[in-house]
Amino acid sequence: MDSIDASERAGLELILYHTSQCHLCELAEALCAELIGHDEAISLKTVDIVSDDALMARYGWVIPVVAYGEAELHWPFDEAKLRAWLAQFPTRTARTSHDAP
């Protein structure tokens, strides 16, 4: 599995909503970690939903979920689905001065 090129993605901060003792969550985390590799331009933060009632209500039956901003990718997903989902976000090379806030 190839990691995502750091020059293609800049500053993606992904969140993996999960719980401990969740086999599917472990699979999703391993898939994300393998795909991201050692790419410093993409970070993966894991959030255990058990400690937050609102997160439990939102994600309790659908974890694991990968999120970037408001966009979410719900399980089941594989490498191809994760890559396609990540491809929708702006790339460093695609950004122009018009993209600045």
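This tour moves through a predicted model one selection at a time. Local features are described where pLDDT is at least 70 and side-chain atom pairs only at pLDDT 80 or more, while totals for chains, interfaces and linings use all residues. Residues are numbered from 1 along the chain as its sequence is written, and side-chain values use heavy atoms, with hydrogens and water left out.

Begin with the whole chain coloured by secondary structure, where 3 helices and 4 strands appear in the order β-α-β-α-β-β-α along the sequence; helices (H or I, at least four residues) and strands (E, at least two) are DSSP runs numbered from the N terminus. Of the 101 residues, 34% are buried, that is, under 20% relative accessible area with a 1.4 Å probe, counting protein chains only. Among contacts (heavy atoms within 4.5 Å) between residues at least 6 apart in sequence, 70% join residues at least 24 apart.

Next select helix 1, residues 23-36, whose end C-alpha atoms lie 20 Å apart, in agreement with the 20 Å expected for 14 residues at 1.5 Å a residue; the expected span is 1.5 Å times one less than the number of residues. Show the side chains of Cys25, Ala28, Leu31, Cys32, Leu35 and Ile36, which are buried. Looking down the axis of helix 1, one finds these buried residues within an arc of 125 degrees, so they line one face of the helix, the arc being that of the directions from the helix axis to the C-beta atoms. Their cover includes strand 1 (12-18), strand 2 (42-48), strand 3 and helix 3 (79-87). Just after helix 1, select Gly37, which has a positive phi of about 65 degrees.

Now turn to the largest nonpolar core, meaning a set of buried Ala, Val, Leu, Ile, Met, Phe, Trp, Tyr and Cys residues joined through side-chain atoms within 4.5 Å. Of its 16 residues, Leu14, Val66, Leu73, Phe77, Leu82, Trp85 and Leu86 touch the most other members. Strand 1, helix 1 and helix 3 each give two or more residues to this core, and helix 1 gives the most, with 5 residues. Apart from it lies another core of 10 residues, including Cys22, Tyr59, Val65 and Ala67.

Finish at strand 3 (residues 65-68) and strand 4 (residues 71-74), which pair in the antiparallel sense over 4 bridges; pairing requires at least two bridges found by DSSP. Select Ala67 to find its bridge partner, Glu72, in strand 4. The two strands form a hairpin with 2 residues between them, and Gly69 in the turn has a positive phi of about 65 degrees.

Methods. Buried < 20%, exposed > 50% of the residue type's maximum accessible area, 1.4 Å probe, protein only.
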